[in-house]
Amino acid sequence: MSGLISVTPVTHDLGAFEVRRTLPSRPRTMVGPFIFVDQFGPAHFDVGAGMDVRPHPHINLATVTYLFEGAIEHRDSLGTLATIRPGALNLMTAGRGIVHSERTPAPERAAGSPISGMQTWLALPDGREEIDPAFEHVAAEDLPVVEGDGVHATVIMGSLWGRTSPTTQHAATIYADIVLAVGSSVPIAAEADERAIVIALGDAALDGQPLARHHLHILAPGIPMTLTAITDARVMLLGGEAFATKRHVWWNFVSSDRDRINQAKQDWKARRFPLVPGDESEFIPIPEVPLTQA
């Protein structure tokens, strides 16, 4: 397909589950404001086991967590305690700096539980990178759903198919969870500056061309397309406003200014970031060589 760029995921084995990362990558750093795209699972934790992402910092970005299965307990340095479950959204805006942890809730840990979903990062636009940190939880029932002929699409952020999500946008953003029955189709409009899709589960084709599962497929701008399910499938559509200013990524830090990232490194090493209430005793040390750099 002319103009289609496909990014092969880098897989990180975390023991109990795998994470497949497609952004940032050598072929492409961003799609709209999206600068980090991870799909984790599907997997199942044994009884007594779970996710334990210890407190760690972010700057100049917003994280978006969206689950297909399971539950994650979020705590942050603002004092937030929120449990996310499938179909809901957690939007954490780091701005000038925030620290958070993500762990499997006690009831799910005691029983053993599945885990599957997406975590993405959105770069904050010029002039808004250092805004105040914030947290927003949007319940599943508050996200608009578009249905018809084997299609169930949730509009997570932005406006798609005539429906608009209530989720805060710092830059113009589109993000949707599209569940398709085999043989069903959905149009992918061309209004956004930049668009991409990830076949999270199952198999699907774009304008008749089958696409590799778990890869990030970046669509040519300005061309409407049709997504069709080859099997029952789950597809994430993402994108939005193209950024004019380059963003740099080092570990958990994103910024248009490398000096700002270097300052954040020193602040984390010196423990100058705030603590996470209820999760103060652990933290992730800054790595010598991070997995994520761009």
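In this predicted model, R26 sits in the loop that runs between strand 3 and strand 4. With a relative accessibility of 86%, R26 counts as exposed, because the threshold for that class is over 50%. Although R26 and A294 are 268 residues apart in sequence, their C-alpha atoms are 8.2 Å apart in space. P24 belongs to the loop between strand 3 and strand 4 as well, and the peptide bond leading into P24 from L23 is cis, with omega near -5°.

Both of these loop residues reappear at an opening in the protein. The second largest pocket has 13 lining residues, and those nearest its centre are V10, P24, S25, R26 and L291. Strand 2 (10-13) and strand 3 are the elements that give two or more residues to this lining. The space inside the second largest pocket comes to about 240 Å³. Sorted by class, its lining holds five nonpolar, six polar and two charged residues.

The largest pocket, for its part, has a volume of about 740 Å³. Its lining is made up of 29 residues, with L14, R21, D38, V53 and I284 lying nearest the centre. At least two lining residues come from each of strand 3 (18-23), strand 4 (34-44), strand 5 (52-58), strand 10 (98-103) and strand 11 (114-123). Which strand gives the most to the lining of the largest pocket? That is strand 5, which provides four residues. In terms of class, 16 residues of the lining are nonpolar, nine are polar and four are charged.

Strand 4 also carries P42, which is joined to G41 by a cis peptide bond with omega of about 5°. As a general point, most peptide bonds are trans. With a relative accessible area of 48%, P42 is partly exposed, because a residue has to be over 50% to count as exposed. Setting aside neighbours within four places in sequence, the contacts of P42 are R20, E69, I115, S116 and L201. P42 and A190 lie 148 residues apart along the chain, and 31 Å separates their C-alpha atoms.

Backbone torsions draw attention to two further loop residues. N60, in the loop between strand 5 and strand 6, is not a glycine, yet has a positive phi of about 60°. Is N60 buried or exposed? At 1% relative accessibility, N60 counts as buried, because this value falls under 20%. W161 is another residue other than glycine with a positive phi, here near 50°. The loop that holds W161 connects strand 15 (159-160) and strand 16 (163-164), and W161 is partly exposed at a relative accessible area of 27%. For most residues other than glycine, phi is negative.

Attention can now move to helix 2, which covers residues 258-269. Helix 2 has 12 residues and spans 17 Å from its first C-alpha to its last, close to the 16 Å expected at 1.5 Å a residue. R260, I261, A264, K265, D267 and W268 are its buried residues. Seen down the axis of helix 2, these buried residues fall within an arc of 165°, so they line one face of the helix. D259 and K269, on the other side of helix 2, are exposed. The cover over the buried residues of helix 2 includes strand 5, strand 10, strand 25 (248-250) and strand 26 (253-255).

The interior also contains enclosed space, with three cavities of 30 Å³ or more. The largest cavity has a volume of about 60 Å³, and among the residues that line it are T63, H74, M92, H100, E102 and F135. Strand 6 (61-69), strand 7 (72-76), strand 9 (89-93) and strand 10 each supply at least two residues of this lining. Strand 9 gives the most, with three residues. By class, the lining of the largest cavity divides into five nonpolar, five polar and one charged.

The second largest cavity holds about 50 Å³ of space. W268, one of the buried residues of helix 2, is part of the lining of this cavity, along with others including P55, V99, R271, F273 and E282. The lining of the second largest cavity has seven nonpolar and four charged residues, but no polar ones.

Note on methods: Residues numbered from 1 in each chain as written. Predicted model: local features only at pLDDT ≥ 70, side-chain atom pairs only at ≥ 80, totals over all residues. Heavy atoms only, no water. 1 Å grid on protein atoms, 1.4 Å probe; cavity = no way out; pocket = protein on both sides within 12 Å on 5 of 7 lines; lining within 4 Å. Points joined across faces, edges and corners; volume = space filled by probe spheres on them. Nonpolar A, V, L, I, M, F, W, Y, C, P; charged D, E, K, R; others polar. Expected span 1.5 Å × (residues − 1). Buried < 20%, exposed > 50% of the residue type's maximum accessible area, 1.4 Å probe, protein only. Arc of directions from axis to C-beta. Contact = heavy atoms within 4.5 Å.
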